Amino acid sequence: LGAKTTKFTLSFTEPWLFKAKMKYDLNTFAENRTEPNYHLKRWGGTSTLGRNLTIFTKLAMAYKYQDVVYTNIEDINEINEENRGNIRSLRFSLIRDSRDSQFNTLNGSYFDVKIESAGGFLKGSHTFAKITSESRLFFPLKGTTRFLLGIRQFFGVMNNFGKSKIIPLNERFY
């Protein structure tokens, strides 16, 4: 809860779906957010199915449904009817995580590549494709166990296709 953003999330995780080595996550959310030129209300959920391929590598597939409504619009040129509607997408993720600890990392690396496609056969108001990658590298500094060097990279590219003329504001990179 905050002055400009209020967000509620409800999550469920099943680490062994049907007694198989598959993880299932169900996340629902509702958000009210005030931006400088508009007010955003969105709600929806994500259903994710994942499986460990090796001790360090995981593959996941997610379905996302999200409704978006804009109000109190000050700049009518940027926010129009094309930004309203719902987003239905499929996302595939490949993650490699060799960090010694997720919470207190001293050594290792983390790589995450996601490919997402919205619209098309999933219907929805918007059609776009998005590819993102994130890398984190951690190196202990020589001669000490108290200091380390951490490097983080984030890259993303997206494009609209089909019936969409624009990419929705809440999906853009900022």
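This tour moves through a predicted model, from its paired strands to a buried glutamate and an aromatic pair.

**Strands S2, S3 and S4**

Begin by selecting residues 22–34, strand S2, together with residues 39–52, strand S3. These strands run antiparallel and are paired over 13 bridges. Four residues separate S2 from S3 in the hairpin that they form. For a reference point within this pairing, display Ala-30, which stands opposite Trp-43 in S3.

Next, add residues 57–71, strand S4, which pairs with S3 in the antiparallel sense over 14 bridges. S3 and S4 likewise form a hairpin, with four residues between them. Within this pairing, select Thr-46, whose bridge partner in S4 is Lys-64. Keep Lys-64 displayed, as its side chain returns at Glu-171.

**Strands S6, S7 and S8**

Turn now to strand S6, residues 108–118, and strand S7, residues 128–140. Eleven bridges hold this antiparallel pairing on record. Select Tyr-110 and its bridge partner in S7, Arg-136. Where does the charged end of Arg-136 sit? It sits over the ring of Tyr-110, 4.7 Å from the ring centre. The two residues are thus linked in the description twice, as bridge partners and as a charge over a ring.

Extend the selection to strand S8, residues 148–160, which runs antiparallel to S7 and is joined to it by 13 bridges. Here Pro-140 has Leu-148 in S8 as its bridge partner.

**Glu-171**

Move to the segment after S8 and select Glu-171. Is this residue buried or exposed? Glu-171 counts as buried because its relative accessibility is 5%, under the 20% cut-off. Its side chain makes a polar contact with the side chain of Lys-64, at 2.9 Å. To display the surroundings, select Lys-64, Gln-66, Ile-87, Phe-128, Lys-130 and Met-158, the residues in contact with Glu-171 once neighbours within four places in sequence are left aside.

**The aromatic pair**

The count of aromatic pairs comes to one. Select Phe-154 and Phe-173: their ring centres are 6.5 Å apart and their planes stand at 70 degrees, so the pair is edge-to-face. Phe-154 belongs to strand S8 and Phe-173 to the segment after S8, so the pair ties together parts that are 19 residues apart in sequence. Phe-173 is partly exposed, with a relative accessible area of 38%.

**A final stop**

Finally, select Lys-7 and Phe-29. The charged end of Lys-7 sits over the ring of Phe-29, 5.9 Å from its centre.

Terms used. Residues numbered from 1 in each chain as written. Predicted model: local features only at pLDDT ≥ 70, side-chain atom pairs only at ≥ 80, totals over all residues. Heavy atoms only, no water. Pairing = 2+ DSSP bridges. Buried < 20%, exposed > 50% of the residue type's maximum accessible area, 1.4 Å probe, protein only. Polar contact = N/O pair within 3.5 Å; in protein donor to acceptor, adjacent residues only side chain to side chain. Contact = heavy atoms within 4.5 Å. Phe/Tyr/Trp six-rings, centres within 6.5 Å; stacked < 30°, edge-to-face > 60°. Lys NZ or Arg CZ within 6 Å of the ring centre and 35° of its normal.
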